[in-house]
Amino acid sequence: MQITFWGVRGSYPVPGAATVRYGGQTSCVESRSAAGEHVIVDAGTGMRALGNKLMREANAPQHYHVLLSHVHWDHIQGLPFFSPVYVPGTRVSVYALLTAADELNGVIGGITRHEFFPMPLEAVPAQFDFQKVEPGVDFDIGGFHVMPIALNHPFGSVGYRLDCDGVSWAYVSDTAPFTDVLHKQHFLPGPEPLSEDDRVALGAMREALVRRLVGVDTVVYDTHFLPDEYKRFPHYGHSTPDQALEICLEAKVRRLVLYHHAPTHSDDQMDKIAADYLARGEELGIEVLTSFEGMTLPIGPVEGTT
Ligand SMILES: [Zn+2]
Ligand SMILES: [Zn+2]
């Protein structure tokens, strides 16, 4: 199995002179098995270039599987520009954490309403279906075993562990650390004070995440903020590389990939972040890579197997 990054940016796309090397497109990762099956994780603007590549390599309409972490703009905006959906016979299964699959239909249908986009979802040639994902309830997509993991983000988010070919990687984005309450169904301009119930719930969420990451080779983690930035914006629902390292260390993960980069971080700043955390990871025995658009990583063996 291998993964390829098509969009590594959080919040909004920032292509331009300052982001040439790391890329300016938003969240989208392709996971591909040795047999050539693939799953797409998140549908940010990086999905447009991925669609063009998949179109070139397909000799017949395909069935695509898209796992969404949540439906914030930076994770869905590429979907209307995914060129295979305009080929009759194409199927697209979209998986997301929502109370009902109908609601997801409404979200995707909503962003393609005539006011926003020239072709409504009903008129698109591809056939869509919407699948509800529940943390802790595993499922299979072809040869991929998918384990959804609850994350701490405003209105909820879900991470995924994917096992295939005897190896394993995980996508943990978007998430705040488990010290602030962010997952409630309303938004306040700052983290809410923690009740005892909140503390218990967040502790359980963190524990379940660590448990799911045990044995995973590569973890792609929301490391949007540097520690001093996080202090100013704790209610945005994103983590720092330090917080990601803490989780990966507990789960004994071999490799951490920094992801969902702040749109304000230029290539030069990203070089410094990459170098600083590569060194920090070496001290802790974790390989820390910084994702960039176009990066492909082979996934290593799960501990205790081959
Ligand atoms: Zn995001
Ligand atoms: Zn988000």
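Which residue follows H5, and what is the sign of its phi? Lysine 252 comes right after that helix, and its phi is positive, near 55 degrees. Keep in mind while browsing these close-ups that the model is predicted.

**View 1. Helix H5 and what surrounds it.**
Helix H5 runs over residues 241-251, and its buried residues are Pro241, Gln243, Ala244, Leu245, Ile247, Cys248 and Ala251. Quite a few elements help cover those buried residues: among them are H3, strand E11 (218-222) and helix H4 (227-232). The cover also includes E12, H6 and strand E13 (287-290). Just past the helix sits lysine 252 with its positive phi.

**View 2. Where H3 meets H5.**
Here the axes of H3 and H5 come within 8 Å and cross at roughly 55 degrees. That angle makes H3 oblique to H5. The contact is made on the H3 side by Arg206, Leu209, Val210 and Leu213, and on the H5 side by Glu246, Ile247, Glu250 and Ala251. As for handedness, the crossing of H3 and H5 is right-handed. Two of these H5 contact residues, Ile247 and Ala251, also appear among the buried residues of the helix.

**View 3. The zinc ion (ligand 1) and its donors.**
Four residues hold the zinc ion (ligand 1): Asp74 through OD, His75 through NE2, Asp174 through OD and His260 through NE2, at 2.1 Å. Follow the chain and the donors show the spacing D-H-x98-D-x85-H. Histidine 75 and histidine 260 link distant parts of the chain, 185 residues apart. Histidine 75 belongs to the loop between strand E4 (63-67) and strand E5 (91-96), while histidine 260 belongs to the loop between strand E12 (255-259) and helix H6 (267-284). Both of these histidines are buried. The angles among the four donor atoms go from 91 to 169 degrees, and the site is irregular.

**View 4. The zinc ion (ligand 2) next door.**
What are the protein donors of the zinc ion (ligand 2)? They are His70 (NE2), His72 (ND1), His153 (NE2) and Asp174 (OD), lying 2.1 to 2.5 Å from the ion. This site is irregular, with angles of 88 to 168 degrees among its four donor atoms. Along the chain, the donors of the zinc ion (ligand 2) are spaced H-x1-H-x80-H-x20-D. Histidine 72 lies in the loop between E4 and E5 and aspartate 174 in the loop between strand E10 (167-172) and helix H3 (196-213), so this pair ties together parts that are 102 residues apart in sequence. Histidine 72 counts as partly exposed, at 31% relative accessibility.

**View 5. Aspartate 174, shared by two ions.**
Aspartate 174 bridges the zinc ion (ligand 2) and the zinc ion (ligand 1), and the two ions lie 3.5 Å apart. With 1% relative accessibility, aspartate 174 counts as buried. Now look at the backbone: a cis peptide bond joins serine 173 and aspartate 174, with omega about 0 degrees. Most peptide bonds are trans.

**View 6. Positive phi at aspartate 42 and histidine 260.**
Most residues other than glycine have a negative phi. Aspartate 42 has a positive one, near 70 degrees. You'll find aspartate 42 in the loop between strand E3 (38-41) and helix H1 (47-57), and its relative accessible area is 0%, so aspartate 42 is buried. Histidine 260, one of the donors of the zinc ion (ligand 1), also has a positive phi, about 55 degrees, although it is not a glycine. Histidine 260 counts as buried too, at 0% relative accessibility.

**View 7. Arginine 232 in helix H4.**
Is arginine 232 buried or exposed? It counts as exposed, at 53% relative accessibility. Arginine 232 is found in helix H4. Its C-alpha atom is separated by 24 Å from that of alanine 18, and the two residues are 214 residues apart along the chain.

**View 8. Threonine 290 in strand E13.**
Threonine 290 lies in strand E13 and, at 9% relative accessibility, counts as buried. Leaving aside residues up to four places away in sequence, threonine 290 touches Tyr22, Leu258, His261, Met270, Ala274 and Met295.

Note on methods
Residues numbered from 1 in each chain as written. Chains lettered and ligands numbered in written order. Predicted model: local features only at pLDDT ≥ 70, side-chain atom pairs only at ≥ 80, totals over all residues. Heavy atoms only, no water. Donors = N, O, S within 2.8 Å, 3.2 Å for Na, K, Ca; no water. Tetrahedral: all angles 85-135°; square planar, octahedral: opposite > 155°, others 65-115°. Helix = DSSP H or I, 4+ residues; strand = E, 2+ residues; numbered from the N terminus. Buried < 20%, exposed > 50% of the residue type's maximum accessible area, 1.4 Å probe, protein only. Contact = heavy atoms within 4.5 Å. Axes fitted to C-alpha atoms, helices over the stretch in contact; angles between N-to-C directions. Parallel < 35°, antiparallel > 145°, perpendicular 65-115°, else oblique. Left-handed = near helix turned anticlockwise from the far one by under 90°.
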